[in-house]
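This briefing introduces one structure to a reader who has not met it before. Please look over the sequence and the model below, then read the points that follow.

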Amino acid sequence: MDVGMDIAGMAALRGAPGVVAAYAAAYAAVFVAAKPWLSSSKQIAWFPSLMVSLISTLGGLATARNALEVNEYSLKWGMEIWTTETDLTKFLCLNFIAFLIADCLLGMWFYKQHFDFLTGW
């Protein structure tokens with residue numbers, strides 16, 4: 001592992017706690033705004049998962065496309081494909097962490113009967 005790359009990666013994530021808090025707040029805001037249109041308790045409990053799955057799927061497709069481009073559309077996979085860090089991959093990681101935090105907090109308040117804090121389900 002290149003130490004210079006590791007230090008640069010850490011510098012890029014220096015503001016990550018604030019970014020994660022902002023993303024978690026955005027999840028909570030969208031959830032609260034959508035809650036009146038969700039009719040059952042299961043819909044309420046699954047809505048945050050729907051939000052993160054849409055974002056992760058679209059971002060994952062773009063990441064897969066980038067991995068294919070890096071590999072020149074060859075099926076010979078090497079480690080260099082998976083070690084490529086982009087702004088999108090950092091966003092997806094921070095976004096998922098924010099979802100986990102938001103889901104725990106929203107679950108404790110809005111859908112206790114469908115949420116177990118220890119497992120996250």
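Which helices do the buried residues of α2 pack against? They pack against α3, residues 41-70, and against α5. The model is a predicted one, and the points below go from the whole chain to helix α2, then to two residues of helix α5 and a surface patch.

**Overall make-up**
- The protein contains 5 helices and 0 strands.
- In sequence order the pattern reads α-α-α-α-α.
- The protein has 121 residues, and 26% of them count as buried.
- Among contacts with a separation of 6 or more, 65% are between residues 24 or more positions apart.
- About 8400 Å² of the protein is exposed, and carbon and sulfur atoms supply 70% of that area.

**Helix α2**
- Helix α2 runs over residues 16-34, which makes 19 residues.
- From its first C-alpha to its last, α2 reaches 27 Å, close to the 27 Å expected at 1.5 Å a residue.
- The buried residues in α2 are A16, V20, A24, Y27, F31 and A34.
- These residues cover an arc of only 95° around the axis, so they lie on the same side of α2.
- The partners of the buried residues of α2 are α3 and α5, as stated at the start.

**N95, a buried residue of helix α5**
- N95 is part of helix α5.
- N95 counts as buried because its relative accessibility is 3%, and the cut-off for buried is under 20%.
- Leaving out residues up to four places away in sequence, N95 touches Y23, Y27, V52 and I55.
- One of these, Y27, is also among the buried residues of α2.

**W109 and the nonpolar patch**
- Is W109 buried or exposed? W109 is exposed, because its relative accessible area is 62% and the cut-off for exposed is over 50%.
- Like N95, W109 lies in helix α5.
- W109 belongs to a nonpolar surface patch of about 640 Å².
- The other residues that make this patch are V32, I97, I101, L105, M108 and F110.
- Which helix gives the most to the nonpolar patch? Helix α5, residues 87-110, gives the most, with 6 residues.

**In brief**
- Helix α5 holds N95, which is buried, and W109, which is exposed.
- Helix α5 is one of the two helices that the buried residues of α2 pack against, and α5 also gives the most to the nonpolar patch.

Terms used
Residues are numbered from 1 along each chain as its sequence is written. This is a predicted model: local features need pLDDT of at least 70, side-chain atom pairs count only at pLDDT 80 or more; totals for chains, interfaces and linings use all residues. Side-chain values use heavy atoms; hydrogens and water are left out. Patches are made of residues with over 30% relative accessible area and no salt bridge: like charges are joined within 9 Å, nonpolar side chains (Val, Leu, Ile, Met, Phe, Trp, Tyr) within 5 Å. Accessible areas come from the Shrake-Rupley method with a 1.4 Å probe; for residues, only the protein chains shown count as cover. A salt bridge is a side-chain nitrogen of Lys or Arg within 4 Å of a carboxyl oxygen of Asp or Glu. Helices (H or I, at least four residues) and strands (E, at least two) are DSSP runs, numbered from the N terminus. Buried means under 20% relative accessible area, exposed over 50%, partly exposed in between (1.4 Å probe, protein chains only). The expected span of a helix is 1.5 Å times one less than its number of residues. The arc is that of the directions from the helix axis to the C-beta atoms. Contact means heavy atoms within 4.5 Å.
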